[in-house]
Amino acid sequence: MQSSVQTTPGLGKILMLVLTRDLRLAVRHWDQVLQPLIFFVIVTTLFPLAISPALDELRKISPGVLWVAAMLASLLALESLFRPDVEDGTMEQWVLSGQPLSLLLLAKTLAHWLLTGLPLVLMAPIVGTALGMPQSVWPVLAATLALGTGSLSVLGAIGAALTVSVRRGNVLLALLVLPLEMPVLIFGARAVDLAMHGEPVAGPLNLLTALLLFFVSLGPFAMAAAMRISVES
Amino acid sequence: MWLWFHKLSSPPYAYRTAGLVRPWLFWPAILLMIVGAVGGLVLAPEDYQQKDAFRIIYVHVPSASLSLMIYVVMAVAAGVGMIWRIKLAHAVAAACAPIGAWFTVATLVTGSIYGKPMWGTWWEWDPRLTSELILLFLYLGYMALRASFDDTQRADRASAILAIVGVVNVPIVKYSVVWWNSLHQGPSISKLAAPSIEGSMLWPLLIMMLAFILYFGAVLCDRLRGEILRRERNASWLSESLARS
C-alpha cells in the first residue's frame with residue numbers, strides 16, 4: 001500500500017501528462033491539426049460562390065456562415081479525438097488504470113479544444129472580414145466562438161466516445177451530435193448578429209457561458225460511461 | 001411492490017402481461033378516439049377566427065404532447081435499464097423510439113397542414129415547429145445509434161446514454177429555440193385557471209389526449225412483445241409457449 005502511494009503520481013500531474021502528451025502528438029502531426037482549419041476556410045469560401053460576391057449580402061449571413069462552418073469543422077476534427085487511442089489499446093489501459101476516466105477524458109477534450117477550437121477562434125475574424133464583417137465585431141465573434149467551441153468539443157466528445165467502436169461512425173456521429181449542438185449555434189450566431197447591429201450581447205454570451213459550464217460539469221460523466229461501453233467487447 | 005417489479009422484469013412474464021394488457025388499452029383507445037372525433041369534428045362549434053381549420057388540433061395537440069412524453073418515457077426506461085441493469089427496461093426504451101418518432105412526424109405533418117390555411121405557408125421557422133423537428137432528429141439519431149451495433153446489449157447501453165444526454169438537452173433545445181420570435185400561438189390549455197379555449201371545444205381535446213395515451217400504451221405493448229421475441233429468440237420458454245399455443 002505504502003509503495004503504491006509513493007509511485008502513483010497525483011491526479012493533477014496525471015491530467016497534465018495527458019494534456020502534454022496530446023499536445024506533443026499534435027505538434028508531431030501538425031498537418032492533422034491544420035486540416036479542420038483548412039476545411040473551415042473552404043466551407044466559408046463556398047458561400048460567396050454559391051450566393052453572391054456582394055459584400056452587403058454576405059455581411060448579413062456572415063455570423064451564420066461562420067458558425068455553421070465552425071460547427072462542421074469541429075465535427076470533422078472529432079474523428080481523431082479518441083479513435084487512435086482506442087485502436088492502439090491506450091484507452092483500455094486508461095479504463096483499467098483506476099484513475100477517474102471522466103477527468104482523463106476531459107483533459108483529452110481540453111487538449112482537443114486547444115488544437116481545434118482555439119485555431120478557429122483565431123481564424124474566424126480573418127475569414128469574417130473577408131465576408132464583410134466589420135472589425136468592431138471581432139471581439140464578440142472571438143468570444144462566442146471561444147465559449148461555443150468549448151461546448152461543441154464536450155458534446156462532440158460524448159458522441160465520439162459513443163461511436164468510436166462503430167464501423168463508419170462518421171455520419172452517425174454527425175447525426176447524434178448536431179441536434180444537441182443546435183442551442184450553441186443559436187446563441188453564438190445570435191450574439192454575433194446582435195453585435196453587428198450594435199445591440200447589447202450580454203444575454204446570449206451569458207447563456208453560452210452557462211451552456212459551457214453545464215456541459216463541462218456533466219459531460220465528462222457521459223463521456224466516461226460511453227467510453228467504458230465502447231472499450232469493453 | 002418490489003416483487004411485482006422484479007416479476008415484471010422477467011421477459012416471459014412481461015411478454016404475457018403485455019399481451020393481456022394490450023386489448024384493454026387498444027379498444028378503449030379506439031372508442032375514445034371515435035367519441036373525441038365526433039365531439040371535435042361535429043359537436044364542437046367552429047372557431048370564430050379560424051373557422052373549421054382549428055379542428056386539426058384534435059390530432060395535432062395530442063400527437064405533439066405524446067411526442068415529447070414518449071421521449072421522456074424512453075429516457076426513463078433507458079435510465080432504469082442502466083442503473084438497475086434490467087434488460088426489459090432497455091427493451092421498453094427500444095420499443096418507444098419508433099412510436100415517438102412517428103408521433104413527431106404526425107405532429108409535423110398536421111402542423112404543416114394547419115399552417116397552410118392559417119399562416120399561408122407549409123413551413124414556418126417558428127420555435128415550436130423547429131424544436132419538434134429537432135426532436136425528430138434526436139429520435140432518428142437514437143434509432144441510428146441502436147441500429148449500428150450488432151450486439152444488443154451494447155446497443156442498449158450506448159443508446160441509453162444517448163437518450164439520457166438527449167433528455168437533459170431537450171429543455172435546453174426547447175428554450176434556446178423559443179428565443180426566436182414566434183408566430184405560433186401560445187399554449188391554450190395549460191392555463192387551467194382561465195382556459196382560453198371554450199368547454200365545448202376542450203372536452204373532445206382531453207378525450208383525444210387520453211385516447212392517444214392509451215393507444216400509445218397498446219402500440220408499446222405490441223412493440224415490446226416484438227422486441228422480447230427478437231431478444232429471446234433462442235430462449236426455451238419461448239419455444240415452449242409457442243408450442244403450447
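**Nonpolar core, helix packing and chain contact**

Within the largest nonpolar core, which has 139 residues, the members that touch the most others are A:A70, A:A161, A:A226, B:M74, B:A93 and B:C96. Helix α7 of chain B supplies the largest share of this core, 15 residues. The model described here is predicted. In soluble globular proteins, nonpolar side chains tend to be buried together.

Two residues illustrate the surroundings of buried positions. When residues up to four places away in sequence are left aside, A:A161 touches A:F82, A:M223, A:A226, A:M227 and A:S230; A:A226 is thus both a partner of A:A161 and one of the core members with the most contacts. In chain B, B:L224 lies in helix α7, which covers residues 199-231. B:L224 has 23 other C-beta atoms within 10 Å and is therefore classed as buried, since the cut-off for that class is 20 or more. Leaving out residues up to four places away in sequence, the contacts of B:L224 are with B:A18, B:A91, B:V92 and B:A95. B:L224 and B:G19 are separated by 205 residues in sequence, yet their C-alpha atoms are 9.5 Å apart in space.

Two packed helices are described by the angle between their axes and the distance between the axes. In chain A, helix α4 (residues 55-77) packs against helix α8 (residues 138-163) at an angle of about 35°, and the axes are 10 Å apart. The crossing of α4(A) and α8(A) is right-handed. On the α4(A) side, the contact is formed by A:L66, A:A70, A:M71, A:S74 and A:L75, and on the α8(A) side by A:L141, A:L145, A:T149, A:L152, A:S153 and A:G156. Of the residues in this contact of α4(A) with α8(A), seven are nonpolar, four are polar and none is charged. A:A70, which takes part in this packing, is also among the core residues that touch the most other members.

Helix α3 of chain B comprises 28 residues (57-84); at 1.5 Å a residue a span of 40 Å is expected, and because the end C-alpha atoms are 39 Å apart, the two values agree. Just after α3(B), B:R85 adopts a positive phi of about 50°.

The contact between the chains draws 16 residues from chain A and 22 residues from chain B. On the chain B side, the elements giving two or more residues are α5 (127-147) and α6 (152-178). The most is given by α6(B), with twelve residues. By character, the chain B side of the contact consists of 15 nonpolar, five polar and two charged residues.

How values were computed. Residues are numbered from 1 along each chain as its sequence is written. Chains are lettered from A and ligands numbered from 1 in the order in which they are written. This is a predicted model: local features need pLDDT of at least 70, side-chain atom pairs count only at pLDDT 80 or more; totals for chains, interfaces and linings use all residues. Two residues are in contact if their C-beta atoms, placed from the backbone, lie within 7 Å. Helices (H or I, at least four residues) and strands (E, at least two) are DSSP runs, numbered from the N terminus. Ala, Val, Leu, Ile, Met, Phe, Trp, Tyr, Cys and Pro count as nonpolar, Asp, Glu, Lys and Arg as charged, and the others, Gly among them, as polar. The expected span of a helix is 1.5 Å times one less than its number of residues. Axes are lines fitted to C-alpha atoms, for helices over the stretch in contact, and angles run from 0 to 180 degrees between N-to-C directions. A crossing is left-handed if the near helix is turned anticlockwise from the far one by less than a right angle, and right-handed if clockwise. A residue is buried if 20 or more other C-beta atoms lie within 10 Å of its own, exposed if 12 or fewer, and partly exposed in between; C-beta atoms are placed from the backbone. A nonpolar core is a set of buried Ala, Val, Leu, Ile, Met, Phe, Trp, Tyr and Cys residues joined through C-beta atoms within 7 Å.
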